[in-house]
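Hi,

Here is the structure I promised to pass along. Have a look at it first, then read on for my notes.

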Amino acid sequence: MHKPAAKSIICYNLVMKNRHETKTAIGMMSGTSVDGIDACFVRICGDFSFEILKTHSIGYPAEISEKILAAANNKADTELICKLNFVLGRLFGRCANELIAKTGQKPDFIASHGQTVFHAPKTAEISGINANSTLQIGDISVIAQETGVTTVGNFRARDIAAGGQGAPLVPFADEMIFKKEIPRAIQNIGGISNVTVLSPNCETFAFDIGPGNMLIDYFVKKFFNKPFDKDGEIALSGKIDENWLNELLKEPYYAEFPPKTTGRELFNDEYAQKILKFAPENKNDVIATITALTAKTIAEAYKKFVFPKTEIKEIVLGGGGVYNKAVIAGLKRYLPGIEIKKHADFGINDKYKEALAFAMLGYCTLERIENNLPACTGAKMPVVMGEIAYSG
Ligand SMILES: Nc1ncnc2c1ncn2[C@@H]1O[C@H](COP(=O)(O)OP(=O)(O)O)[C@@H](O)[C@H]1O
Ligand SMILES: [Mg+2]
């Protein structure tokens with residue numbers, strides 16, 4: 001069982017209040033890679049120690065991921081978005097039911113992130129009214145109905161309503177899980193790469209760095225007709241084109257100061273087509289270079305935004321990108337001397353960490369514990385994020 005973060009102020013308060021009960025939960029996550037749903041069945045105690053009992057994933061059928069990507073690329077009509085909201089609710093419900101069958105028990109609650117189809121945390125007003133917004137679909141009423149379990153979701157909305165960017169939300173759980181005893185970078189490599197900096201030397205902060213697997217997946221699909229570069233084999237067989245890499249690094253987002261978040265609104269198909277104009281001819285070299293971009297943008301972001309605030313003793317990698325050996329090789333090359341670990345080294349399956357994080361956030365919703373970190377999201381105040389669809 002993972003022990004609570006005794007030095008974290010939030011945890012400390014929780015321990016002192018000592019009024020929160022142990023609950024079982026299913027956390028569910030589907031990220032910007034649009035590869036499918038990851039779910040974990042976990043027991044969470046009032047002091048935020050936890051135990052993962054079982055995990056489960058289902059991949060999106062090709063038709064569904066294509067339609068989600070259409071929506072994320074602003075190429076879906078409202079009819080399709082309306083239907084997808086319920087289709088995904090039923091699919092999330094199915095995923096939870098399969099995990100319930102595997103575990104042999106129903107959880108006290110389900111916490112579902114949903115599937116982001118649009119994220120506009122900083123946008124122009126409409127008719128003089130603030131239009132900052134985000135949309136995660138996979139309706140929680142449908143999940144509650146399909147499973148008979150109280151379901152929490154729509155986490156990001158409240159943080160945006162409180163003036164934040166609605167992201168990143170996982171740092172809250174990172175603090176609980178990893179504590180702040182030594183300076184660590186908790187580095188997720190999903191569709192987008194994002195980091196949480198946990199250090200005794202500074203307040204916890206986090207931001208989206210840039211494309212994680214998103215552009216790699218796009219080009220591997222385009223040139224090799226595969227969903228992703230398994231273990232980074234294609235990248236490892238190619239040569240990095242330093243000229244193209246330097247061009248790619250000129251993207252202004254990388255130079256912006258945190259807090260900042262990004263997604264398919266920037267690094268989408270159009271973006272990929274645009275950058276391809278200057279790409280090398282050899283397709284393996286394209287994959288090698290775009291994979292190096294993932295590693296290099298991480299290293300550059302640490303140098304610009306992290307090291308001025310704190311040294312980093314170790315990096316803890318998570319997300320599907322941990323399986324890409326070319327990404328890891330790149331990180332070792334660009335950040336020599338920093339130990340690189342994985343969530344698995346801490347007993348947490350790399351693929352399910354974000355699902356675990358949303359289970360923790362959902363626990364807070366039900367217990368009315370503030371669960372955003374304003375220093376990470378830019379919100380004006382701490383708020384209790386999450387909405388509830390009761391089982392009955
Ligand atoms: N064996 C593997 N080798 C290389 N990359 C992998 C492997 N398994 C998964 N991935 C990458 O991880 C991605 C999914 O990561 P995930 O953490 O689920 O991201 P997201 O949260 O954006 O959905 C896949 O799209 C793929 O690019
Ligand atoms: Mg995923």
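Below is what turned up around the ligand and in one of the sheets.

First, a caveat: this is a predicted model.

Let's start with the ligand. There are 18 residues around ligand 1, and the closest are Ser33, Gly191, Asp217, Asp231 and Gly320. The shell takes at least three residues from domain 1 (9-167 + 352-389) and at least three from domain 2 (173-346). Sorted by class, that shell holds 10 polar, six charged and two nonpolar residues.

As for polar contacts, the side chain of Asp217 has an N or O atom 2.6 Å from an oxygen of ligand 1. The backbone joins in too: a polar backbone atom of Thr32 sits 3.1 Å from a ligand 1 oxygen, and for Gly31 the distance from a polar backbone atom to a ligand 1 oxygen is 3.4 Å. On its own, ligand 1 has 580 Å² of accessible area, and the protein covers 88% of that.

Now the sheet. This one is open, with five strands in the order S9-S8-S7-S10-S11 and mixed pairing. Which strands stand at the edges? They are S9 (202-211) and S11 (339-342); each has a single partner strand, so one side of each has no neighbour in the sheet. On average, neighbouring strands here are turned by 20° against each other, ignoring direction.

If you want to look at one pairing in detail, try S10 (residues 314-318) and S11: they run parallel and are joined by four bridges. Leu317, for instance, has Lys342 in S11 as its bridge partner.

Cheers

Conventions
Residues numbered from 1 in each chain as written. Chains lettered and ligands numbered in written order. Predicted model: local features only at pLDDT ≥ 70, side-chain atom pairs only at ≥ 80, totals over all residues. Heavy atoms only, no water. Near = heavy atom within 4 Å. Polar contact = N/O pair within 3.5 Å; in protein donor to acceptor, adjacent residues only side chain to side chain. Areas by Shrake-Rupley, 256 points an atom, 1.4 Å probe, with all protein chains shown as cover. Nonpolar A, V, L, I, M, F, W, Y, C, P; charged D, E, K, R; others polar. Domains from an automatic or database assignment. Pairing = 2+ DSSP bridges. Helix = DSSP H or I, 4+ residues; strand = E, 2+ residues; numbered from the N terminus. Axes fitted to C-alpha atoms, helices over the stretch in contact; angles between N-to-C directions.
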